[in-house]
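Here are some notes for a colleague opening this entry without having seen it before. Please keep the sequence and the structure in view while reading the points.

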Amino acid sequence: DPSLSKGIRLSKEVYVQVLGPDSVRLRFETLQDLELLLVITDPAGVQTEIQPERSVATLNYEWNYIADNDLVEGQGDVAGVHILHTVLLTELTPGSRYHWVVHRGEGASTSGSFRAPPGPEEAFRIGWLSDTMTVITTTPINGLAAKEPDVVIHGGDLVYQSHIYETWVEFSRAMAPLTHQAAFMPCVGNHEFESMNEEVEM
């Protein structure tokens, strides 16, 4: 995608989490501490510009063997400062679709949408997946995205680290067909707790 060479590239893609009957939280991550503009379009077509709240996290974790392999494209997980961008959206119209655009500078943007939590009598569509392994699960992710779920539940074991390409960054990008159209609610699996040395763990 040529647009990825412009502007700030998101180190974790945009995802939306349901907080309550009329509220959601929208988040994404960058490695640079810069203000990015978010534009929300409501069901009536009214646009609202928002500056996401930024918080800083310093991570010690690293899985970045991609950097040492010229034959593999992608991005590893790096230690250091990470910037989490967060927006809380409240008083949403139940069951209605909202559209969002993150302007990343230099004319580049990332866009998607989500459906607000439905009312008590409204039907909604749930997508389920688990045990994802980046690259291998691309086809199931795209297949589930084609079903247009309103919310996606991940049953856990998000990243196995079974090869150098399987990083949290690349998992986030692989999930974008789903997280850019539906709320994303992951569960924590045993692989999220595993040590790099499983003999010690046993």
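1. The lining of the largest pocket divides by class into 16 nonpolar, four polar and five charged residues. This is a predicted model, and the pocket described here is computed from it. The space in the largest pocket comes to about 670 Å³. Its lining consists of 25 residues, and those nearest the centre are K12, Y15, E29, W168 and F171.

2. Which elements each supply at least two residues of that lining? They are the strands β1 (12-20), β2 (23-30), β5 (53-59), β6 and β11 (183-186), together with the helix α2 (168-174). Strand β1 gives the largest share, with five residues.

3. There is also one cavity of 30 Å³ or more in the structure. The volume of the largest cavity is about 30 Å³. S11, K12, E29, L31, Q75, G76, D77, V78, H82 and V169 line the largest cavity. By class, three of these lining residues are nonpolar, four are polar and three are charged. K12 and E29 appear in the lining of this cavity and are also among the residues nearest the centre of the largest pocket.

4. On the sheets, strands pair through backbone hydrogen bonds, in either a parallel or an antiparallel way. One open sheet here has four strands, in the order β4-β3-β7-β8, with antiparallel pairing. Because β4 (47-50) and β8 stand at the edges with a single partner strand each, one side of each has no neighbour in the sheet. On average, neighbouring strands of this sheet are turned by 20° against each other, direction ignored.

5. Within that sheet, five bridges join strand β3 (residues 37-41) to β7 in the antiparallel sense. Across this pairing, I40 stands opposite W100 of β7.

6. Is T110 buried or exposed? T110 belongs to strand β8, and it counts as buried because its relative accessibility, 11%, is under the 20% cut-off. The side chain of T110 makes a polar contact of 2.9 Å with the side chain of R104.

7. A parallel pairing is found elsewhere: β9 and strand β10 (residues 151-154) are joined by four bridges. I126 stands opposite V151 in β10. Side chains alternate along strand β9 (residues 126-129). G127 and L129 point to one face and are buried, whereas I126 and W128 point to the other face and are not buried.

8. Two backbone angles should be looked at together. Most residues other than glycine have a negative phi. What is the phi of E91? The value is near 55°, which is positive, and E91 is not a glycine. E91 sits in the loop between β6 (80-89) and β7 (97-105). With a relative accessible area of 67%, E91 is exposed, because the cut-off for that class is over 50%.

9. The other case is E106, a residue other than glycine with a positive phi near 55°. E106 lies in the loop between β7 and β8 (108-115). Its relative accessible area is 65%, so E106 is exposed.

Terms used: Residues are numbered from 1 along each chain as its sequence is written. This is a predicted model: local features need pLDDT of at least 70, side-chain atom pairs count only at pLDDT 80 or more; totals for chains, interfaces and linings use all residues. Side-chain values use heavy atoms; hydrogens and water are left out. Buried means under 20% relative accessible area, exposed over 50%, partly exposed in between (1.4 Å probe, protein chains only). Two strands pair if DSSP finds at least two bridges between them. On a 1 Å grid over the protein atoms alone, a cavity is a set of points where a 1.4 Å probe fits but cannot get out, and a pocket is an open set with protein on both sides within 12 Å along at least five of seven lines; lining residues have an atom within 4 Å of a point. Grid points are joined across faces, edges and corners, and a volume is the space filled by probe spheres set on the points. Ala, Val, Leu, Ile, Met, Phe, Trp, Tyr, Cys and Pro count as nonpolar, Asp, Glu, Lys and Arg as charged, and the others, Gly among them, as polar. Axes are lines fitted to C-alpha atoms, for helices over the stretch in contact, and angles run from 0 to 180 degrees between N-to-C directions. A polar contact is a pair of N or O atoms within 3.5 Å; within protein, one must be able to donate a hydrogen and the other to accept it, and residues adjacent in sequence count only if both atoms are side-chain atoms.
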